[in-house]
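Subject: Handover of a structure and notes on its core and salt bridges

Dear colleague,

Please find below the structure that I am handing over to you. My notes on its core and its charged side chains follow.

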Amino acid sequence: MLTSVDTDLMRVLADPLRLQIVTLLAEETLCSTHLIEETGARQTNLSNHLKVLREAGVVETEPCGRFTYYRLKPDVIATVAGQFAALAEAARTTAENNVKRSCP
């Protein structure tokens, strides 16, 4: 059965800065100070993007003293990857079987 890719999540990940944040968080848990240094983004801009990522369920937070650390939720990324893998398999099957809709 073919599943469609979660379009809301794809919109969240389509932003270049958010994708950069996700890529950085895949390597290690970071606080906003680290993310500002790595991305060059302004604090307010970074905070807004982190809020979007939190609300979408892509990252989770961990308070540590006066800092907040951000961690990527791998299951969310794995779900999107699985959806794309299903689409790729469907496309492969379609191409191999020369499936096409006839024109009227």
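A contact here means heavy atoms within 4.5 Å. The model is a predicted one, and every value below was computed from it.

With that meaning of contact, Leu-53 touches Val-12, Leu-13, Arg-18, Ile-21, Val-22, Val-58 and Val-59, leaving aside residues up to four places away in sequence. Leu-53 also belongs to the largest nonpolar core, which has 20 residues. Together with Ile-21, Leu-25, Leu-35, Val-58 and Val-59, Leu-53 is among the residues with the most contacts inside that core. Two or more core residues come from each of α1 (7-14), α2 (16-27), α4 (43-55), β3 (67-72) and α5 (74-96). Helix α2 gives the largest share, 5 residues. As general background, nonpolar side chains in soluble globular proteins tend to be buried together.

I turn next to the charged side chains. A search of the whole structure finds 5 salt bridges; the following deserve a description.

In helix α4, Glu-55 and Lys-51 lie 4 residues apart, about one turn of the helix. They form a salt bridge in which the closest N and O atoms are 3.9 Å apart; the cut-off for such a pair is 4 Å. Glu-55 has a relative accessible area of 61% and is therefore exposed, whereas Lys-51, with 42%, is partly exposed.

In helix α5, the side chains of Glu-89 and Arg-92 meet in a salt bridge, with an N to O distance of 2.8 Å. These two residues are separated by about one helical turn, because they are 3 residues apart in α5. Glu-89 counts as partly exposed, at 42% relative accessibility. Arg-92 is likewise partly exposed, with a relative accessible area of 43%.

A further salt bridge joins the side chains of Glu-62 and Arg-71, at 2.2 Å from N to O. Glu-62 is partly exposed at 32% relative accessibility, and Arg-71 is partly exposed at 29%. Both residues take part in a network of salt bridges that also includes Glu-60.

In brief, the two topics of this handover are a nonpolar core of 20 residues and a set of 5 salt bridges.

Yours sincerely

Notes: Residues numbered from 1 in each chain as written. Predicted model: local features only at pLDDT ≥ 70, side-chain atom pairs only at ≥ 80, totals over all residues. Heavy atoms only, no water. Core = buried A, V, L, I, M, F, W, Y, C linked by side-chain atoms within 4.5 Å. Buried < 20%, exposed > 50% of the residue type's maximum accessible area, 1.4 Å probe, protein only.
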